[in-house]
Amino acid sequence: MDKEHLGGVDRFEEIGHLRRAAESVSEGRPRFVVLGGEAGVGKTHLVRRFAATAAGSGFRVLTGACVELGSEGIPLIPVVSVLRELLSQTGDGELSALLPGWPILAGLVPEHRPGGDEPEPPGQAQLFHLFTALLERLSQERPVLLIIEDLHWSDRSTRDLLAVLARVLRGVRVLIVLTHRSDDPRYAERLAAFLAELERAREVSHLDLARFTKPQTAELISARLGEPAPASLVDRIFARSGGNAFFVEELLRAESPGHSGHSLRELLLTRLQRLPEPAQRVIRTAAVAGRSVSHRLLAAVLAMPDDALFDAVRAAVDGQALEADGAGYRFRHALLQEAVIGSLLPGERLALHRRYAEVLTDNPLLTFADRLDAMIAHHWCHAEEPDRALPALIRAARNAEALRAFAEQHQWLERALEMWAWVRNADELAGVGHLEVLEAAGLAAWNSGQPETALELIDRALDETDRSLDRARATVLLARQAKLRINLGRPGALEAVDEAYRLTPPDLSASGAAAFEILGRTLLSTGQPDRARDICQKAVDIAAGLGDVAVALTARTTLAVVHADLGDHERALAELRELKALAARHGQLSELERIHVHLALMLWSAGRYEEAIDATVAGTAVADRAGSSATWGVVLVAQRAAVLVAVGRWPEAEAQVAEALARGPEGMFAISPRLIGAELAVARGDFAAAKEHLEAVRELNKELPTEVSLARLTTQIAMHENRIDDARAAAGTALQAVTSRTSVSSVWALLITAAQLEAYAYLRDRALDTGSGDDLLDTIRKVADGLPATAPPWRASAAQLAAELDSFDRPSPAWPEVAAAWDEAGQPYQACHARMRAAEAASARGERDAAARWLGAAVQEADRLGARSLREQLDQLARRARIPLATPESASRRPAVEKLGLTPREVEVLRLVAEGRSNRQIAQQLFIAGKTASVHVSRILAKLGVSTRGEAAAAAHRLRLFDETHEVETSPSA
């Protein structure tokens, strides 16, 4: 690419980055490029030149820009702009043929909506799915370059859509370039989480556009002058501009006597002040509209005769303040518009905002319908006329709600609540009461993932509600309050449920039925499935009577989960399968993905693993279509990983954990894949990786100390590190907090780990002649007594727990039956552990042949799984029982061991020395006296011909006495 294409300055590195991304896209690999840089550095210039080159090479180029409109946002403005551009390029008929759902997308462009009745607005998930499908279909014809500028002004819904595209687009020829301003702290917080999320998405690269170097600055000045730039001029301008392209051009333009000491802002305003007064008026008026303004709107606000207006606008364009932009005008740079806004007198600014609001109110056709109410609300707010702003704010919130843009709806309603106190007769002007706005704002905050804010707003709404007169509203609000308190770990949830139930009116509406469903979920969460069943059945009956399919589906799904909690799994599964078909038929994607989640969990618990995997695959596809890839999608992929861990397909499980973590930000939804990743790491013996996963979980939620999976894994790691007191604390605290709502499979697994811990502690305490408490054992037995053992994995867990508790003094004879139970349950890792214990039991009875058979089978399975920690326990058992294992590891190290004269016990001690263990730790690990351990270490040093423990460890590694992949501390659980 030559210099002309880059405005006279080499940007070889940056343009090369974009070119490589375009080449990848042409090969069917979608790419995102996030282009950041300070204001004025040349982002827009670069992407426009690149877009021209891409169009010339066959790309379809689509562009949109985010719009600054105070702190509120207009949902999906850049997307609507792209759709308008596409309609002008292609036409409605061709797009309808390309994408069956095109009319729904076209409905976002108000001027293209068909006449007649207003269609039911689609949900945001459906819009996201259709826009994704549109890009995929367009890219089949030719590559697509989608440019979204000024991301720092973006609304939440646009960012959510872009995040979905980054996760979902696969195998398509789509390049998405996003530009954002990186030097303004006002926008940093808005973008921080989004940019961090993109960092984790595949095929996303970041490009920071730096200022020009001094040689590049000289090139730019020379290009503008049309001749080589004098060195003194370059020095002077570079010193003041720092290489910022916009600053360079403005300083060059102002290069004349008397300007050298002025600030850039003064230079910009001084240049504008040289223009004719009508042109200055045009510029001041346009600045209040934002970065750009249509000609028709600007003309209406100015109310100048056409000839005078054209002359004034021409002077503003010639003066390089404005530039033509489609059907209107755009400030040549945002810094210029900001400088003009800053120069306006307060009264002047208020008057101009008032004028815009009046003109738009009187003539709504002067702007696009999708942004009309938001613009009117914005201008009335900045005109400081709350009585005129309030109704526009309410209308803007309703428009956002229609698009399911709940974050923007919440922002507009919060602004309306701020205005309320300043408006006389606010209820009459707004057409809605303050209480209704509070309630709607709380629900919008809930739906947009802001639970703390939602609870605060619902609490305020309850304070304003007369609970004796408005029982229906109080019931709904109390139900939401209870659910939020449960989710946030706040007290008072059950009290809210009880009050809501007392206040329930006899003639409930659909919203009341929804409240009953929420109450049912809350009761289920607090271990009251019997009450939950009755309340959910009422919700189902009311919704069915009203013909409300959505509420009926949600309530029936919750009722199915209640049936499972009450032990009727087959009924629950049958109900969920029926509901799955019903939700699909009615297009209820959000409920369909929830159904798949519960189906997968129930099938997994029942040991029906292939069916569970199929449910997660189908559910993930639904989540992707619904725009929930980073929420329900993460849950479903993590569930698939958990099933794959259980059935011994560990490489696949590891890939699914990575997939789940790549789908979304490190929020609450990342907890599940992190825990499964830790589970897999512990099974493989990679305790460092397990600790990293668990630390991430604790950072994500500091209120999870009693979560059973976290507690079990924490216990296993503490056991591995011989921190018995810490292990007991973790297991005991979690078991004390178990409720009827805790996952049965998770509780069984924790009980088994706790029993292994107590067995190990018993042997250690006996070897060291110390006492051991029985508190944890009592808790284990008490919790186990209340657990069901109906499903095959639960029966196997119950059998293993009994065997663990019977193996304190000598291994239980029941271990062969435990292995058979785990074989029946289809979980090879657990079966392998049981075979090892069966070998131990056979060895203790002196049955060497039986022990060898059990050991051989266990070794074969541990090697297949890659269970390094379990494999090391098997090696230790074989050495203690003096049963030879013909394995590559033992064969490879035997000559060196024999040459050195090391005994099997000394090999065990040397392994622990190489791991950095002290004599005391070695004694605890091998159940020997500390003095005996010291004697073993002394003999090892002599045989190796070294004088220190460090030299002994180095010699062991140098002579490859131990396979490095197995240098992990042996878990004491065996």
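**Salt bridges and a three-stranded sheet**

Glu436, Glu439, Asp470, Arg473 and Arg480 are joined in a network of salt bridges, a salt bridge being a side-chain nitrogen of Lys or Arg within 4 Å of a carboxyl oxygen of Asp or Glu. The model is predicted, so local features need pLDDT of at least 70 and side-chain atom pairs count only at pLDDT 80 or more, while totals for chains, interfaces and linings use all residues. Residues are numbered from 1 along each chain as its sequence is written, and side-chain values use heavy atoms, with hydrogens and water left out.

Reader: How many salt bridges does a search of the whole structure find?
Author: The network of Glu436, Glu439, Asp470, Arg473 and Arg480 is made of such contacts. Searched as a whole, the structure has 48 salt bridges.

Reader: What separates glutamate 418 and arginine 415 in helix α20?
Author: The two residues form a salt bridge, with the closest N and O atoms 3.8 Å apart. Helices are DSSP runs of H or I with at least four residues, strands are runs of E with at least two, and both are numbered from the N terminus. Glutamate 418 and arginine 415 are 3 residues apart in α20 (residues 406-420), so the separation is about one helical turn.

Reader: Is arginine 415 buried or exposed?
Author: Buried means under 20% relative accessible area, exposed over 50%, and partly exposed in between (1.4 Å probe, protein chains only). Its partner glutamate 418 is exposed at 52%. Arginine 415 has 19% relative accessibility and therefore counts as buried.

Reader: How many residues apart in sequence are the parts that glutamate 758 and arginine 728 tie together?
Author: The side chains of glutamate 758 and arginine 728 meet in a salt bridge of 2.7 Å, N to O. Glutamate 758 lies in helix α38 (residues 744-768) and arginine 728 in helix α37 (residues 724-736), so the parts tied together are apart in sequence by 30 residues.

Reader: What is the relative accessibility of glutamate 758?
Author: Its partner arginine 728 counts as buried at 19%. Glutamate 758 also counts as buried, and its relative accessibility is 2%.

Reader: Which strands stand at the edges of the open sheet β6-β8-β7?
Author: The sheet has 3 strands with antiparallel pairing, where two strands pair if DSSP finds at least two bridges between them. Each edge strand has a single partner, so one side of each is left without a neighbour in the sheet. The edge strands are β6 (292-294) and β7 (322-325).

Reader: Which residue in β8 is the bridge partner of alanine 324?
Author: β7 and β8 (residues 328-331) pair in the antiparallel sense over 4 bridges. In β8, the bridge partner of alanine 324 is tyrosine 329.
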